[in-house]
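Let's take a walk through this fold, starting from the inside and working outwards. Keep the viewer open as you read.

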Amino acid sequence: MRKDQGVIASSSEDDILLGARLTQWSPAAGRSIKRSGLRDTGGIYLVSVMRKATGNVHTAVSPDFVLEVDDILYFTGLIDSNLRKIPGLSLLESDEVMKMGEKAQDRRLVEAVVSRNGPLVGKTVKELKFRSTYGAAVIAVHREGRRVHELPGNIKLQAGDVLLLEAGKSFLVANKNRYDTGFTLVAEVENSSPPRFRMLIPAVILTVGAYVCYMLKLSSLFGTAMTAAILMVACGVLSEAEARSAIQWQIYLTIAPAFGVGQALINSGVAAAIASFLVKVGTAMGIGSAGLLGAVYLATVLMSQVVANNAAAALIFPIAMDAAARGGIDPLLMAFSIMLAASAAFMTPFGYQTNLMVMGHGGYSTGDFLIFGTPMQIVLLFVSTVALVVPAWWLVWLISFAVLVLVCVFRVLQDRKKIRSKST
């Protein structure tokens, strides 16, 4: 977060009120607040509901309150959480936003402080014709810590009000160069471009198509992925800026040195020695290629617990390829084994970034990861090895899908049982 944005956030972020209408295609319609998951959406909290049919405002709503279509839901909290990304919710000023004529990828959330002697003071948003004048739509207004259950267009603005705007390029450019005198401070909310749900189907089609083309041997994985990425930019699924920012350069900086270390292991003969040891271990198990694949899997898992998974894969790769050549195993199967093992870092909090993220907030210890992560590693070791060596690979997927269905059915039956017990 930028410094100037932090100045605004410190006074408004915890109290800003956002209103959203529950549309008919929302999965929350007809469900209680508890079952809908809208009580706490990760930084934004539901504080009240206005029922359009009656006009009543329900504050401090209970978890059992049933939501209806066209209900107006008021949320407060962190605007960075982006309420627009929740399917089925439409912000109160969505119509005004659509009239802006800006492309979705060019729109951003902006916080702006009304200046003391500016032209906005004492007038409502409607009177100012804010959208046509400034090229932005007012989504919410924060004023001295007060929450106002009012449509943004009807609020009479005062000096010091913090406006949450959805703005396009014209507003951002004008205020970047300080052409407007109506605001004393303007700050763009990072990563606040609206979700483009209408592009969901094209994105899925392009992604699935890329994998199908690769599986049919029509092109290499790099070629199909690059073609899909170019088509996504051309179709508007991604903007040029989003495509550039999607490249995570830190991953390349992590992997590149690991390749150097791997080449050093080959040149020094260490890779050959380790590969020979792994082949001996796999052969000693007496279960054919599964033994060697399992040994490489285990070695990769242990390495990925203490270093980044990308670096672990790069380090073990030359060793695994040497072992595959010595054991007469398809190098592609060995590569799959490394891929699966490097992504399975559950035994320590240091194996992957998300492990560290949940460790502090969840109050977990290193022992907790060992206790719960080790059984998961053993199960995945067995399942992954079987999936790689069984010719009928689809059978493994079928069994996994059957287990998933059974678990889902069990959970649904348990939830119904709890609901019936509460109703009685």
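In this predicted model, start with the largest nonpolar core, a set of 22 residues. The members that touch the most others in it are Leu38, Leu46, Val49, Leu67, Leu73 and Leu89. Several strands feed this core: E1 (17-22), E2 (44-50), E4 (72-77), E5 (89-91) and E7 (136-142) each put in at least two residues.

Val49 is a good spot to zoom in on. What does valine 49 touch once its neighbours within four places in sequence are set aside? One group of partners is Asn56, Val57, His58 and Val61, and the list goes on with Phe65, Leu67, Asp71, Ile72 and Leu73. Of these partners, Leu67 and Leu73 also appear among the core members that touch the most others.

There is also a second core, separate from that one, with 19 residues. Val138, Leu163, Phe183 and Val186 are among them.

Now for the sheet. Four strands line up as E7-E8-E6-E9 in an open arrangement, with antiparallel pairing. Which strands stand at the edges? They are E7 and E9 (183-188); each has a single partner strand, so one side of each has no neighbour in the sheet. From one strand to the next, the twist averages 25 degrees.

Inside that sheet, have a look at E6 (residues 108-114) and E8 (residues 162-167), which pair in the antiparallel sense over six bridges. If you want a landmark there, leucine 109 sits opposite glutamate 166 of E8. As background, strands of a sheet pair through backbone hydrogen bonds, either parallel or antiparallel.

Next, the helices. Helix H7 (residues 200-215) and helix H8 (residues 221-235) have axes that come within 9 Å and cross at roughly 160 degrees. Angles over 145 degrees count as roughly antiparallel, so that is how H7 runs relative to H8. The crossing of H7 and H8 is right-handed. On the H7 side, the contact is made by Ala203, Leu206, Thr207, Ala210, Cys213 and Tyr214. H8 answers with Leu221, Thr224, Ala228, Leu231 and Met232.

Finally, zoom out to the whole protein. It has 17 helices and nine strands, and 38% of its 424 residues count as buried. How much of the contact network is long-range in sequence? Among contacts with a separation of 6 or more, 74% join residues 24 or more positions apart.

Methods:
Residues are numbered from 1 along each chain as its sequence is written. This is a predicted model: local features need pLDDT of at least 70, side-chain atom pairs count only at pLDDT 80 or more; totals for chains, interfaces and linings use all residues. Side-chain values use heavy atoms; hydrogens and water are left out. A nonpolar core is a set of buried Ala, Val, Leu, Ile, Met, Phe, Trp, Tyr and Cys residues joined through side-chain atoms within 4.5 Å. Buried means under 20% relative accessible area, exposed over 50%, partly exposed in between (1.4 Å probe, protein chains only). Contact means heavy atoms within 4.5 Å. Two strands pair if DSSP finds at least two bridges between them. Axes are lines fitted to C-alpha atoms, for helices over the stretch in contact, and angles run from 0 to 180 degrees between N-to-C directions. Angles under 35 degrees count as roughly parallel, over 145 as roughly antiparallel, 65 to 115 as roughly perpendicular and the rest as oblique. A crossing is left-handed if the near helix is turned anticlockwise from the far one by less than a right angle, and right-handed if clockwise.
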